[in-house]
Amino acid sequence: MTRTSPQDPAAPRRRRGVSMADVARLAGVSAQTVSRVSNGHPSVVGTTRQHVLDAMRQLGYRPNSAARALKYGEFRTIGVILFTLSTVGNSRTLEAIVEHAAEEGYAITLIPVAVPTQDGVLGAFTRLGELAVDAVIVIMEVHLLDAATVTLPPGVQVVVVDSNGGDRYSVVDTDQGDGARQAVRHLLDLGHRTVWHVAGPEESFAAERRAEAWRGVLAEAGRPVPPLSRGDWSAESGYRTGLALADDPACTAVFAANDQMALGLLRAFHERGRTVPGDVSVVGFDDIPDATSFIPPLTTVRQDFTEVGRRCVEQVLRQVREQHVEPGTSLVPTRLVVRASTAAPPG
């Protein structure tokens, strides 16, 4: 058998990795420009960006995140822990986080957690640590942080969305209570004696805040508080509740905790021969893009998911840069959008 030594011309040579300088030479730009394109920085646009991307593909260049982290002390990646993408709020918040992170030159690593438990959260943080992220955004949605046994790992730069953990963490949320108050007051101002409510799931922080505000406005106005109905955010659950409410002639106004359940209400009232808004007024929450296409177009509370995502990215990157966490809750305002599904009560 013939052995080869490193000096032997017959020995296979290890191919040198493609460097940022190689890409810069081929594209005719500076290494700094290549770095910006590699990090997704928005300052490089048009033909310059395309030239760099073409050179990367031609040379087979792949950014070395480990080397970048050693040089700059960061991976330029934000981890997102998410329990479900099935709700409008979660999916649109994630979309906004991705968009604003990209504007800051950061990528997103998404870790779904099937069951929101302490073990599930800790396991997600462990996986994100192995994937090398600079900070974490947790879209919590449920009452996980209420339990004394459930905590987030110490020393991690983290922002939590839709939670009541502002005494311990940095939290960003829509002003759920104020949005619900706007909806209920609108119906009372139209002349309805009281307002029925279709709430979201019991474990949902947002659903709880909206239900508390509904109940509080009615109590403050000295109006009777009807029994609360509970759905699961789906149009089907709103439809089932609507069939029951349609049989109650005293029900002239309903506030649904999201637009999908409001859609189910509209179908149920239509099938039972109760017109909206002639017999019953309906208000939703979220202002999904399809709300204007409901029959009738839906009066609803608009959430600014873009602003929620922007604040999440802004706050978590501030923690990364300043190495300091300030607990507290940042509330994003809501706005009632009045359309054709609400009117004065019959008679």
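**Helix α7 and the aromatic contacts**

Good morning. I begin with G191, which lies just after helix α7 and takes a positive phi of about 110 degrees. Please bear in mind throughout that this is a predicted model.

Let me turn to the helix itself. Helix α7 covers residues 176–189, 14 residues in total. At 1.5 Å a residue, it should span 20 Å, and its end C-alpha atoms are indeed 20 Å apart, so the expected and computed values agree.

Which residues of α7 are buried? They are Q176, G177, G179, A180, A183, V184, H186, L187 and L188. The elements covering these buried residues include the strands β5 (170–174), β8, β9, β10 (299–302) and β12 (335–337), together with helix α8 (205–220).

Two of those strands, β8 and β9, bring me to the aromatic residues. A search of the whole structure returns one aromatic pair. The partners are F255 and F285, with 6.4 Å from centre to centre and 45 degrees between the planes, and the pair is classed as tilted. The pair links distant parts of the chain: F255 belongs to strand β8 (residues 253–256) and F285 to strand β9 (residues 281–286), 30 residues apart. Are these two phenylalanines buried or exposed? Both F255 and F285 are buried.

F285 has a further partner, R210, whose charged end sits over the ring of F285 at 3.9 Å from its centre.

I close with another arrangement of this kind, in which the charged end of R267 sits over the ring of Y239, 3.8 Å from the ring centre. Thank you for your attention.

Conventions
Residues are numbered from 1 along each chain as its sequence is written. This is a predicted model: local features need pLDDT of at least 70, side-chain atom pairs count only at pLDDT 80 or more; totals for chains, interfaces and linings use all residues. Side-chain values use heavy atoms; hydrogens and water are left out. Rings of Phe, Tyr and Trp (its six-membered ring) pair if their centres lie within 6.5 Å; planes under 30 degrees apart count as stacked, over 60 as edge-to-face and the rest as tilted. Helices (H or I, at least four residues) and strands (E, at least two) are DSSP runs, numbered from the N terminus. Buried means under 20% relative accessible area, exposed over 50%, partly exposed in between (1.4 Å probe, protein chains only). A charge sits over a ring if NZ of Lys or CZ of Arg is within 6 Å of the ring centre and within 35 degrees of the ring normal. The expected span of a helix is 1.5 Å times one less than its number of residues. Contact means heavy atoms within 4.5 Å.
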